[in-house]
Amino acid sequence: MPETSIRTSVCTRTRRRWRPVALTAAALLATATLPAATATAATTAAATTATTATTATTATATNTSYDDTYYKDAIGKTGASLKSALHTIISSQTKLSYSQVWDALKHTDQDPNNSNDVILLYSGASRSKSLNGGSVGDWNREHVWAKSHGEFGTTTGPGTDLHHLRPADVQVNSIRGNKDFDDGGSAVTNGGGSLTDSDSFEPRDAVKGDVARMILYMAVRYDGDDGFPDLKMDDQVDNGTSPYMGKLSVLKQWNDEDPPDAFEENRNQVIYDDYQHNRNPFIDHPEWVDAIW
Ligand SMILES: [Ca+2]
Ligand SMILES: [Ca+2]
C-alpha cells in the first residue's frame, strides 16, 4: 500500500466525508488523485491487517528477481550463515556524503502523486522538497537507526546510509529522538497516528514494517568490520548510546503486519540503481527476518 493511501482508508473509515476537517489540503489532493485500483488495494490491505491482528502471519518474498544474481550466495541459507552471506553481499556499496543525502531523499521518497514533494516517514504528510532544513515546518534527515545508538554520527558510513534515512518533520523527528521502537504511548502531535512514551516510539501503522526492515538492514550491514560499531538487535527499550536497537520482538511483528508496498520497493530499487548499488534484503525477502532472528 503506498504511504499516501492510508489517508484514503482513514477518510473512508470516518464515513463523515461532509466534514473532513482533519484532512490537510495535501491529503485531499492525494485522495482525489488516487487511482481506484490503489484505493481497492488499500481497502484489501486494511482488511488483511485487521485479520493479522488476531492471526499469526509469516512474511513471504515480494521480489525474487535478484535471487539468481544479487542474492545467489544467500539462497538456501538460514540463521547465522544467511546473515553472514547477506552482510557480505550488501556491504559492497557506494557511499554518500551527508550533504548528498538531501538530494537523494528528494528522489527516493518523492510523493508518487506530486513530484514537487516528498512523503514524510512518521507523519505521512506530503511536503515540498524545497522545505528541507532545520526550522519548524521543514523536513530533515531522520536516522531511523538513531545515530546515537553506536554514536556513528553523520560522517560517510552508517550515518549517511540511505536505506535507513528518511525525510521527517523537524518537530516529529525531535520527538522520536533516539528512542527505541515499541508499541504504546500517547499520540505524537502531527505524528500521523504515531505514538510515544518516555522510552519508546511507535510509528503509524503504514510504516511499521518499513521501520522494522530499515533497522534490521542496519544490524546486518554494519558488523564492526569497517571502522564503525557492530550494530545489534536486542529486546530492550533503554539502549541509550550503546550500539543496540530494540525491541526485536516488536519489530519482527511489525515486519509481518506491514509487508513491503510499492513505495518501499521503489525506494529500494532507486537506491540500488542510482545511489548505493546495494539492496535491503528484507524488502525483497521479508521472510528472511524470521530466518535470521
Ligand atoms: Ca515504552
Ligand atoms: Ca509499509
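Buried residues make up 46% of the 293 residues in the protein chain. The model on display is a predicted one.

**Whole chain**

Begin with the entire chain and colour by confidence. Its mean pLDDT is 87, and 81% of the residues reach 70 or more. Then select residues 1–54, where the pLDDT is below 50. Beyond near neighbours in sequence, this stretch has 58 contacts in the model. Where pLDDT is low, the predicted coordinates should not be read in detail.

Switch to a cartoon coloured by secondary structure, which shows 11 helices and 11 strands. Among contacts between residues at least 6 apart in sequence, 63% join residues at least 24 apart.

**The sheet E1-E2-E3**

Select the open sheet of 3 strands, whose order is E1-E2-E3 and whose pairing is antiparallel. Strand E1 (110–111) and strand E3 (126–128) stand at its edges; each has a single partner strand, so one side of each is left without a neighbour in the sheet. Next, display strand E2 (residues 114–119) together with E3: the two pair in the antiparallel sense over 3 bridges. To find one residue pair here, pick Val118 and look across to E3, where its bridge partner is Arg127.

**The pair E4 and E5**

Move on to strand E4 (residues 139–143). Of its 5 residues, 4 are buried, so E4 is largely enclosed by the rest of the structure. Add strand E5 (residues 165–169), which runs antiparallel to E4 and is joined to it by 5 bridges. Glu142 has Arg166 in E5 as its bridge partner.

Now hide E4 and keep E5. Here 5 of the 5 residues are buried, so E5 too is largely enclosed by the rest of the structure. Show the side chains: Leu165, Pro167 and Asp169 point one way from the strand, while Arg166 and Ala168 point the other way. This follows a general pattern: in a regular strand the side chains alternate between the two faces of the sheet. In E5, the residues pointing either way are all buried.

**The sheet E6-E9-E8-E7**

Select the open sheet of 4 strands next; its order is E6-E9-E8-E7, and its pairing is mixed. The edges are strand E6 (180–181) and strand E7 (186–187), each with a single partner strand, so one side of each is left without a neighbour in the sheet. Focus on E6 and strand E9 (residues 200–202), which pair in the parallel sense over 2 bridges. Within this pairing, Asp180 has Ser200 in E9 as its bridge partner.

**Helix H9 and its surroundings**

Finish at helix H9 (residues 262–275). At 1.5 Å a residue, its 14 residues should span 20 Å, and the end C-alpha atoms are 19 Å apart, which agrees. Display the buried residues of H9: Phe263, Glu264, Arg267, Asn268, Ile271 and Tyr275. Rotate the view to look down the helix axis; the buried residues fall within an arc of 140°, so they line one face of H9.

What do the buried residues of H9 pack against? Add helix H5 (98–108), helix H7 (208–221) and helix H10 (281–284) to the view, for these are the elements against which they pack. As a last stop, select His277, which follows H9 and has a positive phi, near 60°.

Key: Residues are numbered from 1 along each chain as its sequence is written. Chains are lettered from A and ligands numbered from 1 in the order in which they are written. This is a predicted model: local features need pLDDT of at least 70, side-chain atom pairs count only at pLDDT 80 or more; totals for chains, interfaces and linings use all residues. pLDDT is the predictor's confidence in each residue, from 0 to 100. Two residues are in contact if their C-beta atoms, placed from the backbone, lie within 7 Å. A residue is buried if 20 or more other C-beta atoms lie within 10 Å of its own, exposed if 12 or fewer, and partly exposed in between; C-beta atoms are placed from the backbone. Two strands pair if DSSP finds at least two bridges between them. The expected span of a helix is 1.5 Å times one less than its number of residues. The arc is that of the directions from the helix axis to the C-beta atoms.
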